[in-house]
Amino acid sequence: MNQKPILYNLEPIDLAGHRFKVTMTITDPDPRGQRVALPAWIPGSYLIRDFARQIETIEARCGRKPVLLKKLDNHTWRADPCQSTLVITTIVYAWDLSVRSAHLDESHGFVNGTSVFLRAIGQENQPCLLDVSPPSAQAKDWKVYTSMPLAKARKSIKTSAIRSGFTRYEVANYDALVDHPIEMGSPLAARFKACGAEHELIFTGLIPNLDLQRITTDVRKICEAQIRFFDPYDQRAPFLDSATKYVFMTMVVGDGYGGLEHRASTALIASRKDLPTIGQSKAPAGYETFLGLISHEYFHTWHVKRIKPSAFAPYDLSRENHTRLLWIFEGFTSYYDDLMLLRSNVITKDAYLKLLAKQISTVWANTGRHKQSVAESSFDAWTRYYKQDENSPNAIVSYYTKGAIIALGLDLTIRNQSDNKHSLDDVMRLLWKRYGLDFYRGAQTGITENSFIKIVREATGVDVGDEVSRWAYGTDDVELKELLATQGIDLDWREPSQTPTMGVRTRKQADQLVLANVYEGQAAHKGGLSAQDVFVAIDGLRVEATPGALENILSGYKSGDQVEVHVFRRDELRAFYITLEKPMPSDCVLTIAGAQNNA
Ligand code: ZN
């Protein structure tokens, strides 16, 4: 088999116009006509995104001669037959400020390989070399930050290029090429070691007085807790199979939240207000959320980037990859993310119970959980979870939040039935040993729907077949009150307030208050109101478009009172009569049995 690498060059050529120039050199193209394609989606975000629509121009040369490229579908091209070296050049527009694609301006550049690097079809397993070229002189203090390993043959490369990162990188195949996102610019950066392994934290965006030291201390604790969790004996960081360091790359914005996992890095978006600044005695409330996000994405380094559902081993980047197991991958990760904050002593037990209670409240809030199972929600992620609308709370369940509650339910079941000798931790470690540890060293098998229950039995001796079929494949609620009681935790439900309710969620739109969701079976639904109705007045009193406006008006009423509600539906004024209801006890409260309930 020929091992000629595919060579790529990435160059930010137009910062103001947000354009990268990307060339791809294929030494041995398919003589019948080489096909190339850009991924239709990015692993970790289960929606067809058609990244190829951001390719402004594409052209090919065979040796010195231009050759024709014919587009075959949304993201695939075929070059005319070429017996020499084929070079394909694209100009890619990069102005999507998200963790999923690419972004470029005079302050920084960010690239996911799935947005810019074409795949040579049939040569996906060839090694890839990537040259990252610096931008023009106006950004001469820029450096490159990525977990992608530097090329092995570096003799001819200047040390200054290696220091700035504008140099050559090398990976084993296309799958690796698109799994090491690249940040370039002059961000705030810090390095630390966790269990001896190199980690880098970078923050792009303006953040005056960011307390990088505090963040580094906390993140290191989280990383060490997770490395020791999965590998208590060797304490070896998982990413050392394909990189020399792990990179947390955070884009800081006014209001944003999100993350995407990769094999040796993660791209995050965080709100400025959630980050601690130097001199603050107490970190902002949202800092816990930021650390939870860090913990979540880092946990994915093991769980979903190496332990994978069989549908992702390997990924098919040209179409949807259906699996019924996202509740295990996103759900269990959502269970362990906060738990790892507790285990690394970054948060207190009280704070942990509050986070868990909030997660329980979220799951129990929506009736969609009685209609869709988390197995179905996983399978339909592409068309339902990632395409939510006003009716989603009434129609679907989240494989993240209910998946996390199932993880808790399984953890408690295993603890109870094994006299506290085993827990879900043993399952995670066996999954890691069996499926994750050697994933990038060639094993590349993922777990099937049947293998999970067997793994649980093997790791703990407990049969959770009935629980999995009821909670994950059926729509039963996890019997949390009973299960938590066996471990000395009381679960109670409280009304969020005394104010009677209509059972709606509102949002501000221009200077109007609009019904965002109408919850099935509650007062507004019974009285005929609909999502997207625009509030005008309640009992003749104007409803302002301010936060809490609706609650302010309703606080003057009792449950059982009937109110006349005027709304605009399209451009027609309508009146509805709504009988207000007592708020449901929808706030979960967890307390350690016997302890003073002061929540
Ligand atoms: Zn996740």
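His 296 is buried in this predicted model, with a relative accessible area of 8%. Its NE2 atom is one of the protein donors of the zinc ion, together with His 300 (NE2) and Glu 330 (OE), and these donors lie 2.0 to 2.1 Å from the metal. Along the chain the donors of the zinc ion have the spacing H-x3-H-x29-E. Distant parts of the chain are thereby linked: His 296 belongs to helix H5 (residues 287-299), whereas Glu 330 belongs to helix H6 (residues 326-343), 34 residues apart. Glu 330 has a relative accessibility of 1% and therefore counts as buried.

The cysteine sulfur positions give a count of 1 disulfide. This bond joins Cys 62 to Cys 82, with an S to S distance of 2.1 Å. The pair also links distant parts of the chain, 20 residues apart: Cys 62 is in strand S4 (residues 55-62), and Cys 82 is in the loop between strand S7 (76-79) and strand S8 (86-93). Because the torsion about the S-S bond of Cys 62 and Cys 82 is about 85°, the disulfide is right-handed. Both partners fall under the 20% limit for burial: the relative accessibility of Cys 62 is 11%, and the relative accessible area of Cys 82 is 3%.

Cys 223, by contrast, is in no disulfide; the nearest cysteine sulfur, belonging to Cys 195, is 8.9 Å away. Cys 223 is buried, its relative accessible area being 0%. Cys 588 is likewise buried, with a relative accessible area of 8%.

How values were computed. Residues numbered from 1 in each chain as written. Predicted model: local features only at pLDDT ≥ 70, side-chain atom pairs only at ≥ 80, totals over all residues. Heavy atoms only, no water. Disulfide = S-S within 2.5 Å. Helix = DSSP H or I, 4+ residues; strand = E, 2+ residues; numbered from the N terminus. Buried < 20%, exposed > 50% of the residue type's maximum accessible area, 1.4 Å probe, protein only. Donors = N, O, S within 2.8 Å, 3.2 Å for Na, K, Ca; no water.
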